[in-house]
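User: I'm new to reading protein structures and would like a close look at just one part. Could you pick a strand and walk me through what surrounds it?

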Amino acid sequence: MKISEWMTAEPVTVTLNTTVAQARGLLDTRGVRHLPVIDPAGKVVGMLSNRDVAITDDMLHTALREHDVPALLDDDRTVATVMSPAPLTIGLDAPIEDAARVF
């Protein structure tokens with residue numbers, strides 16, 4: 001069995017310039033935990049997880065203390081600043097067993 005038979009053919013992606021707030025919204029509305037990050041040429045250059053954009057208790061307490069919750073919710077940092085760069089990739093025609101060994 002090949003990777004192409006198991007993968008999501010057209011995953012939801014974000015670009016390097018997508019904001020953390022926008023990515024958080026996509027993760028929530030699409031019900032996914034990870035988003036591939038692509039460059040202008042469409043190459044996968046990173047992976048963004050829901051943990052990368054999560055609002056932690058510390059962040060919330062700080063925002064409340066500073067009376068700046070809107071800034072926390074409207075996080076304008078780009079995903080490039082919080083993503084995991086250079087993710088491992090595998091070819092479409094590779095056997096699924098190869099992917100299992102990598103992971």
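Analyst: Sure, let's take β2, and keep in mind that this is a predicted model. β2 covers residues 34-38, and 4 of its 5 residues are buried, so you'll find it mostly covered.

Start with its neighbours. On one side there's β1, residues 14-15, which runs parallel to β2 and is joined to it by 2 bridges. Look for V14 there: its bridge partner in β2 is V37. Then there's β3, which runs antiparallel to β2, with 5 bridges joining the two. Here L35 stands opposite L48 of β3. β2 and β3 make a hairpin with 5 residues between them, and G42 in that turn has a positive phi of about 90°.

Now for the side chains. V14, V37, L35 and L48 turn up again among the 11 residues of the largest nonpolar core. β2 supplies at least two residues of this core, as does α1 (20-30), though the largest share, 3 residues, comes from α1. A23 is another core member, and it touches L35 and L48, as well as T18 and V79. As a rule, nonpolar side chains in soluble globular proteins tend to be buried together.

β2 also helps to line the largest pocket, which has a volume of about 850 Å³. With 4 residues, β2 gives the most to that lining, while β3 and α4 (96-102) each supply at least two. The lining has 25 residues, and P36 is one of those nearest the pocket's centre, along with M7, T8, P11 and M47. By class, 20 of the lining residues are nonpolar, 4 polar and 1 charged.

Key. Residues are numbered from 1 along each chain as its sequence is written. This is a predicted model: local features need pLDDT of at least 70, side-chain atom pairs count only at pLDDT 80 or more; totals for chains, interfaces and linings use all residues. Side-chain values use heavy atoms; hydrogens and water are left out. On a 1 Å grid over the protein atoms alone, a cavity is a set of points where a 1.4 Å probe fits but cannot get out, and a pocket is an open set with protein on both sides within 12 Å along at least five of seven lines; lining residues have an atom within 4 Å of a point. Grid points are joined across faces, edges and corners, and a volume is the space filled by probe spheres set on the points. Ala, Val, Leu, Ile, Met, Phe, Trp, Tyr, Cys and Pro count as nonpolar, Asp, Glu, Lys and Arg as charged, and the others, Gly among them, as polar. A nonpolar core is a set of buried Ala, Val, Leu, Ile, Met, Phe, Trp, Tyr and Cys residues joined through side-chain atoms within 4.5 Å. Buried means under 20% relative accessible area, exposed over 50%, partly exposed in between (1.4 Å probe, protein chains only). Contact means heavy atoms within 4.5 Å. Two strands pair if DSSP finds at least two bridges between them. Lists of a residue's contacts leave out its neighbours within four places in sequence.
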